[in-house]
Amino acid sequence: MTGEHILVQYAVLHPGDHNVICGLNFYVDRQHFSSMEEKLRASFERGELAEAIRTLDSIFGENIFSIQHLFRDDQRRVVDKVLSTALETAESSYREVYEANYTILNFLEHLHIPAPEYLRRAAAYVVGTDLKRLFGSRHMDLERLQQLMAEAGKWSLDLHQDELGFLAANWINQRMLAIKDAPKHTAEIRQLSETLEHLMGLRLGLHHWKAQNVCFALGKEYFPEMRIAAEKGDANAAAWVEHFRHLAALLQVALE
């Protein structure tokens, strides 16, 4: 790392969709920058997009860049931001179709008649999106998780299990790390156990080896002393032992 730096000026034009055009060159002075800004703003506000692009070319010459010039991670970050409005519109449309036809989906399922593909896709998108949001939150809404899983199973929805499995495993690993920071917090252990019980119905192929390793280490360090305390009549220790033993079983970790 060096302390070297340069002062540059840039302008970005977003005609719409995935089209993003950026010009970059050395900063000259405030007057030069203001002149560039005035020319670009004037043509853009008049709605003359072609003229705005020509102005950008005349100012920056060969130093014109697009999303394709970014590194892969930056490409993904910019594209996600550019497409956020389109994704919000798509989600709103799918959700409207899903909610408007929820009763019909239940009726068709009751009659054992396959739902039209467009309804199944709308339902899968909405249920999958809501599940992703649950896995993005710190505390799991178990009632909502149970409801979404019931709907996924009832209509045999394709929820892109690989992606959901990754998100669910990451949530499990994070919650297990939280338990590591407060290993005797029984409520956290109980919530993770209850979540794992619900997730078993989705067949996500969870890769939660990090959580398994943490659980094994905590079992070695705390389980013997908590079991002894429970045997001596400590009600809190007894509850901890019960829930931790159940969590270890769900994670397929041997304690003794």
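**H4 against H6**

I started with how helix H4 and helix H6 sit against each other in this predicted model. H4 covers residues 84-100 and H6 covers residues 117-135. I get an angle of about 120° between them, with the axes 8 Å apart. Angles of 65 to 115 degrees would count as roughly perpendicular and those over 145 as roughly antiparallel, so I put H4 and H6 down as oblique to each other. Their crossing is left-handed.

Which residues of H4 make the contact with H6? I noted Leu 87, Glu 91, Tyr 94, Arg 95, Val 97 and Tyr 98. On the H6 side I have a longer list to copy, including Tyr 118, Leu 119, Ala 122, Tyr 125, Val 126, Asp 130 and Arg 133. Sorted by class, this contact has 11 nonpolar residues, 1 polar and 5 charged.

**A stop at Thr 85**

While on H4 I looked up Thr 85, which lies in that helix. Is Thr 85 buried or exposed? Its relative accessible area is 53%, so I count Thr 85 as exposed. I also checked Thr 85 against Ser 66, which is 19 residues away along the chain. Their C-alpha atoms are separated by 20 Å.

**H6 against H7**

Next I took H6 with helix H7, residues 142-154. Here the angle is about 150° and the axes are 10 Å apart. That angle makes H6 roughly antiparallel to H7. The crossing of H6 and H7 is left-handed.

From H6 the contact uses Val 127, Asp 130, Leu 131 and Leu 134. H7 brings Arg 144, Leu 145, Leu 148, Glu 151 and Ala 152. I sorted the contact of H6 with H7 into 6 nonpolar and 3 charged residues, with no polar ones.

**Salt bridges**

How many salt bridges does the structure hold? I have 13 in my notes, and I looked at some of the pairs.

Glu 117 pairs with Arg 120, and their closest N and O atoms are 3.8 Å apart. The two are 3 residues apart in helix H6, so about one helical turn separates them. Glu 117 is partly exposed at 45% relative accessible area. Arg 120 is partly exposed too, at 26%.

Then I went to Glu 163 and Lys 132, whose side chains meet at 3.3 Å, N to O. Glu 163 lies in helix H8 (residues 161-181) and Lys 132 in H6, so this bridge ties together parts that are 31 residues apart in sequence. I have Glu 163 as partly exposed, with 40% relative accessible area. Lys 132 comes out at 32%, which is also partly exposed.

My next pair was Arg 175 and Glu 188, with 3.6 Å from N to O. This bridge links distant parts of the chain, with Arg 175 in H8 and Glu 188 in helix H9 (residues 186-199), 13 residues apart. Are these two buried or exposed? The cut-off for buried is under 20%. Arg 175 has a relative accessible area of 8%, so I wrote it down as buried. Glu 188 is at 9% and so is buried as well.

Last note: Glu 91, Arg 95, Asp 130, Arg 133 and Arg 144 are joined into one network by salt bridges that share partners. I had met these names before: Glu 91 and Arg 95 on the H4 side of the first contact, with Asp 130 and Arg 133 on its H6 side. Arg 144 was on my list for H7 in the contact with H6.

Conventions. Residues are numbered from 1 along each chain as its sequence is written. This is a predicted model: local features need pLDDT of at least 70, side-chain atom pairs count only at pLDDT 80 or more; totals for chains, interfaces and linings use all residues. Side-chain values use heavy atoms; hydrogens and water are left out. Axes are lines fitted to C-alpha atoms, for helices over the stretch in contact, and angles run from 0 to 180 degrees between N-to-C directions. Helices (H or I, at least four residues) and strands (E, at least two) are DSSP runs, numbered from the N terminus. Angles under 35 degrees count as roughly parallel, over 145 as roughly antiparallel, 65 to 115 as roughly perpendicular and the rest as oblique. A crossing is left-handed if the near helix is turned anticlockwise from the far one by less than a right angle, and right-handed if clockwise. Contact means heavy atoms within 4.5 Å. Ala, Val, Leu, Ile, Met, Phe, Trp, Tyr, Cys and Pro count as nonpolar, Asp, Glu, Lys and Arg as charged, and the others, Gly among them, as polar. Buried means under 20% relative accessible area, exposed over 50%, partly exposed in between (1.4 Å probe, protein chains only). A salt bridge is a side-chain nitrogen of Lys or Arg within 4 Å of a carboxyl oxygen of Asp or Glu.
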